[in-house]
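Subject: Handover of a structure and summary of findings

Dear colleague,

Please find below the structure that I am handing over to you. I would be grateful if you would look through it before reading the remarks that come after it.

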Amino acid sequence: MEVAAVLLFWFVFLVAATGNSHGSVVTYDGRSLIIDGEHKMLFSGSIHYPRSTPEMWPSLIDKAKEGGIDVIDTYIFWNLHEPQEGKYDFSGGRDIIGFLKQVQAKGLYVILRIGPFIESEWTYGGLPFWLHDIPNIIFRSDNEPFKLHMQKWVTYVVNMMKAHKLYASQGGPIILSQIENEYQRIESAFPNNSGPRYVRWAAAMAVGLQTGVPWVMCSQQDAPDPVINACNGYECGARFQGPNSPNKPSMWTENWTSYLQRYGEEPFMRSATDIAYNVALFIAAKNGSFVNYYMYHGGTNFGRSGAAWIITSYYDEAPLDEYGFIKQPKWGHLKELHAAIKSCSKPLLEGVHSTSPLGRKQEAHVFQMKSGECAAFLVNRDNTSDARVIFQNFPYDLPAQSISILPDCKKVIFNTAKVSTPPNARSITTGLKFDSVTAWQQWEEVIPIFSNTSLVTENLLDHMNTTKDSTDYLWYTFSFQQDSNAQSVLSAQSNAHLLHAFVNGKYGGYAYGGGREIYTLQTTVNLNKGTNNVALLSVMVGFPDSGAYLEHKTAGLHGVRIQDKDFTHSSWGYQIGLLGEKLQVFTDQGSKSVQWRKISPGHSRLIWYKVLFDAPLGNDPIALNLGSMGKGEAWVNGQSIGRYWVSIKTPAQRPSQTWYNVPHSFLKPTGNLLVLLEEEFGDPLQITLDTVSITGLH
């Protein structure tokens, strides 16, 4: 951007920021964000409002603040708020305004990551699926239909924030906004320089909304002035290329405290010491002044909100776990780190930075002020060996891969490898047992037949485009004539996440794949003389959330053969979703619309189970132990607590997730309705409702 354009931006920016006498002026320079003329060293934590409940928000914010967090970072989830074009929902757990006002009431700042593409292991990357149906649209590119709808949504969000006076320039907590998200990963995928043009357009569009606070693009090295380019990842202290202008601060927008977890995977355990080392290295080596932990509290992917293959629990290894408990030593160690860095923030932000070697893999970063005030970070990059170094004529012992912080260039007050916080552990206590045969009831999902379907085509439809993310399920049905009773091999190809086969109402088997490659379900089935009805249930466990040309991604059935006959190009009848979903049998009212019966032994598939229970006493978090079930979804009083897939195992031969969070706000004192949809097989008599607590380890 030319100098004149930059100066014009700052003029408009300052006018917007000072338009309200009660507002703050938020600017930046090459060292840090500047709030009301003061350079700031800021630590931020990601807490996503829809991944917890409004009742949890105050406690989560309090614990973040106590842990030395200055800023709460959240995305805004477009498909949550505008699931149908022009119809908005900000009620209940979607109340982002209420969430931000609670953050403000606690005295913390906010970073609002508008996106609108967010990825975030959220279905379709946060984009509403109705965008897919806009003619000639190409997501996240220099494409007029996409830009029109993106600008409309971003403007809607910004105006809503302005209406509630939530920007710092108006006296609110929002000090920074984000446009787009990790776009550089796909920027080159679009031809004719469309990617860079889109980046420039998005930046100009955002800045033109005049929020009075700066904008940032994460993982976007070519972010145009005045938008700040920021780093995402585990090791931004080592890998960040740095600001793309000497007038921009060094910011880390996603320091991953764990990592996403898919069904069939073990959780990624990132240590407190590794996080602390990389934060300290970013501050020292990259002149970092802003670090956001992604996630500080992960929470729960309630309902069907998780992206493809993502488990219901989200970033449970964060400093605050899924239930909101402090996870030690991670939380405590980072709190000490924040305090140590804040104790020398003045020389870090205002001093002259110099670096000197202390050994082959050791170095000193010194921040010296004219007044003589001094801070030093002594770094040992050797990840296998301790080191003794001499700094300013004094010896210092540095553990392997560690950094010592000396706020006066003399005394060590913190070393990233030395953990003083004792660890704790989560404890599960078995509570209510659902082991009474007479308490449970079941209803078998109706298997559709071709003659009863209303949507009929002569070709195989795409699962995603047909369901439009309204359900995980799409029935593909057809019928054919057979001269005699016989056993035959059914072979079906799909790239949906899972495929069930039913022939003449009898279960024939299932297969699953990763959603990218086509896999084959092959099973022997019994055919009748006369008409045979085949129903194939295609299942998605969330829609994809990343990659270029997301609007072109497809899933579903690709071909079917029975013995030597190819039915791929036959007449196909479709049913979108399950009948139980349509009737909402998981609600009190909807459950009255079907005939339930006592549960029976055996391994029937596609069974709905229901039971009534009273809420446990006390305030401890509670969780449903579904270790005896297979795959499906669970509802409490009509609210989905998420998908479960217990039958798929990790390499350690255990489920990726066994316990499922049941927020107290979902419950009433007595007569709570628990409903489960079981796709595969399971024993509901072994389900328990357990209490969750924290115990110290000594």
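The following paragraphs describe a pocket and several salt bridges. Please keep in mind throughout that this is a predicted model.

I begin with the pocket. The largest pocket encloses about 1600 Å³ of space. Its lining is made up of 50 residues, and those nearest the centre are R94, G303, R304, D469 and S470. By character, the lining residues comprise 22 nonpolar, 19 polar and 9 charged.

Which elements supply at least two residues each to this lining? They are helix 3 (78–81), helix 12 (579–583), strand 30 (572–576), strand 34 (631–636) and strand 35 (639–645). Helix 12 contributes the most, namely 3 residues.

I turn next to the salt bridges. The structure contains 30 of them, and three pairs are described here in turn.

The pair K40 and E38 comes first in this account: their side chains meet in a salt bridge with an N to O distance of 3.7 Å. E38 has a relative accessibility of 46%, so it counts as partly exposed.

The next pair is D225 and K248, whose closest N and O atoms lie 2.9 Å apart. D225 sits in the loop between strand 8 (215–218) and strand 9 (228–233), while K248 sits in the loop between helix 7 (236–239) and strand 10 (250–256); the pair therefore ties together parts that are 23 residues apart in sequence. Are these two partners buried or exposed? D225 is partly exposed, with a relative accessible area of 23%. K248, with a relative accessible area of 2%, is buried, because the limit for that term is under 20%.

The remaining pair is R381 and E363, whose side chains form a salt bridge at 2.9 Å, N to O. R381 belongs to the loop between strand 14 (374–380) and strand 15 (387–391), and E363 to strand 13 (residues 362–368), so this salt bridge ties together parts that are 18 residues apart in sequence. R381 counts as partly exposed at 33% relative accessibility, whereas E363 counts as buried at 13%.

Salt bridges can also share partners: D142, E144, K147 and R197 are joined in this way into one network.

I suggest locating the residues around the pocket centre, R94, G303, R304, D469 and S470, and then the pairs described above.

Yours sincerely,
A colleague

Conventions
Residues are numbered from 1 along each chain as its sequence is written. This is a predicted model: local features need pLDDT of at least 70, side-chain atom pairs count only at pLDDT 80 or more; totals for chains, interfaces and linings use all residues. Side-chain values use heavy atoms; hydrogens and water are left out. On a 1 Å grid over the protein atoms alone, a cavity is a set of points where a 1.4 Å probe fits but cannot get out, and a pocket is an open set with protein on both sides within 12 Å along at least five of seven lines; lining residues have an atom within 4 Å of a point. Grid points are joined across faces, edges and corners, and a volume is the space filled by probe spheres set on the points. Helices (H or I, at least four residues) and strands (E, at least two) are DSSP runs, numbered from the N terminus. Ala, Val, Leu, Ile, Met, Phe, Trp, Tyr, Cys and Pro count as nonpolar, Asp, Glu, Lys and Arg as charged, and the others, Gly among them, as polar. A salt bridge is a side-chain nitrogen of Lys or Arg within 4 Å of a carboxyl oxygen of Asp or Glu. Buried means under 20% relative accessible area, exposed over 50%, partly exposed in between (1.4 Å probe, protein chains only).
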